[in-house]
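Biologist: Could you take me through one part of this structure up close? I'm after the aromatic rings and whatever sits around them, in plain words please.

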Amino acid sequence: MKLRRLAVLCVGALALTVACTSSPGPAPSRTPGAARGAVAASPSADDESPEPSPTVAVHALTSAELQSQWWSWAAAAAENRSPVLDQDGHLCGEGQKDGIWFLAGTTGGPAKRSCTVPIGVPVVFPLVNVFGTSSQCLDFMDTAKGGAVLDGKQLTPEPLPSTPIRMYTGEGNPFTGRQDSINTWSCGLWVRLDPLTPGSHVLSFHGESGDFATAVDYRLEVAKPTPTGAT
């Protein structure tokens, strides 16, 4: 895998040569290992069940907002904590923020993951996507295709065209290798889901563009977060 290029497919590292404009600067505050979307405040004496966090109106997000947020999430963690490189799902909560839950593909090839998603939180993921130059996005979208199935129901992917974004990366991440703030372009096929009903769900998706292909099977458990201090 070619994991330290600025031209990286996620869900995969496609061999592209990308000229991204980067300007050093602090990335947004992140807490390694903390799944902030999966942890609620300590319950009050009157209510032992934590309330879900306020959700993001994911269908109202612009192409730039959605892709910038997802890429900043995917590129925040170092390689050994990356949810994109994770094979079984134990890192799916890495770096998640309140109000939206991101899922990742792979850097090429299949994966099977299990993941617990907080109740009442919308879910967003790409079938296949890329960041690079505007022209590379145009070429990428010419052959991009994929599909997703949730609990046996076919989902309709949303194509997001070449869009300028600002992407924040963390030290040791699998895409650029360093902490930075990058102006680049992004595009891909996406799915935005309203909050899933509590319980177990099966999600499968795949995507490809050119000679790159990826596929992920997710078993999702939608449940209230465990109260702080609970065993």
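Modeller: Let's go straight to the aromatic cluster, which is made up of Trp70, Trp71, Trp73, Phe102, Phe131, Phe175 and Trp190. Keep in mind that this is a predicted model. If you search the whole structure for aromatic pairs, you get eight. One of them is Trp70 with Trp190: the ring centres are 5.6 Å apart and the planes meet at 85 degrees, so we call this pair edge-to-face. Where do the two partners come from? Trp70 belongs to helix α1, while Trp190 belongs to strand β9 (residues 180-193), and their positions lie 120 residues apart in the chain, so this is a link between distant parts. How buried are they? Trp70 has a relative accessible area of 0%, which makes it buried, and Trp190 is buried too, with a value of 0%.

Now for another pair, Phe205 with Tyr218. Here the rings are stacked, with 6.0 Å from centre to centre and 25 degrees between the planes. Phe205 sits in strand β10 and Tyr218 in strand β11, so this pair ties together parts that are 13 residues apart in sequence. Both Phe205 and Tyr218 are buried.

Let's go back to helix α1 for a moment, which covers residues 63-74. Ser63 is part of this helix, and with a relative accessible area of 17% it counts as buried, because the cut-off is under 20%. Which residues does Ser63 touch, once you skip those up to four places away in sequence? They are Leu160, Pro161 and Thr163. The Thr163 contact has a polar side to it: the side chains of Ser63 and Thr163 make a polar contact at 2.9 Å. The side chain of Ser63 makes a polar contact with the side chain of Gln67 as well, at 2.8 Å. And here's Trp190 again: Ser63 and Trp190 are 127 residues apart in sequence, yet from C-alpha to C-alpha they are 10.0 Å apart in space.

So what about the strands that carry Phe205 and Tyr218? Strands β10 and β11 (residues 212-223) are antiparallel partners, paired over eleven bridges. You can pick out residues that face each other across this pairing: Gly199 is opposite Val222, and Ser200 is opposite Glu221. The two strands form a hairpin with two residues between them, and Gly210 in that hairpin has a positive phi near 60 degrees.

Strand β10 (residues 199-209) has another antiparallel partner, strand β6 (residues 145-150), and six bridges join the two. In that pairing, Lys145 stands opposite Glu208.

Put these strands into the wider picture and you get an open sheet of five strands, in the order β4-β11-β10-β6-β7, with mixed pairing. At the edges are β4 (109-118) and β7 (153-155), each of which pairs on one side only. Going from one strand to the next, the twist averages 20 degrees. In general, strands of a sheet pair through backbone hydrogen bonds, and they can do so parallel or antiparallel.

Terms used
Residues are numbered from 1 along each chain as its sequence is written. This is a predicted model: local features need pLDDT of at least 70, side-chain atom pairs count only at pLDDT 80 or more; totals for chains, interfaces and linings use all residues. Side-chain values use heavy atoms; hydrogens and water are left out. Two strands pair if DSSP finds at least two bridges between them. Helices (H or I, at least four residues) and strands (E, at least two) are DSSP runs, numbered from the N terminus. Axes are lines fitted to C-alpha atoms, for helices over the stretch in contact, and angles run from 0 to 180 degrees between N-to-C directions. Buried means under 20% relative accessible area, exposed over 50%, partly exposed in between (1.4 Å probe, protein chains only). Contact means heavy atoms within 4.5 Å. A polar contact is a pair of N or O atoms within 3.5 Å; within protein, one must be able to donate a hydrogen and the other to accept it, and residues adjacent in sequence count only if both atoms are side-chain atoms. Rings of Phe, Tyr and Trp (its six-membered ring) pair if their centres lie within 6.5 Å; planes under 30 degrees apart count as stacked, over 60 as edge-to-face and the rest as tilted.
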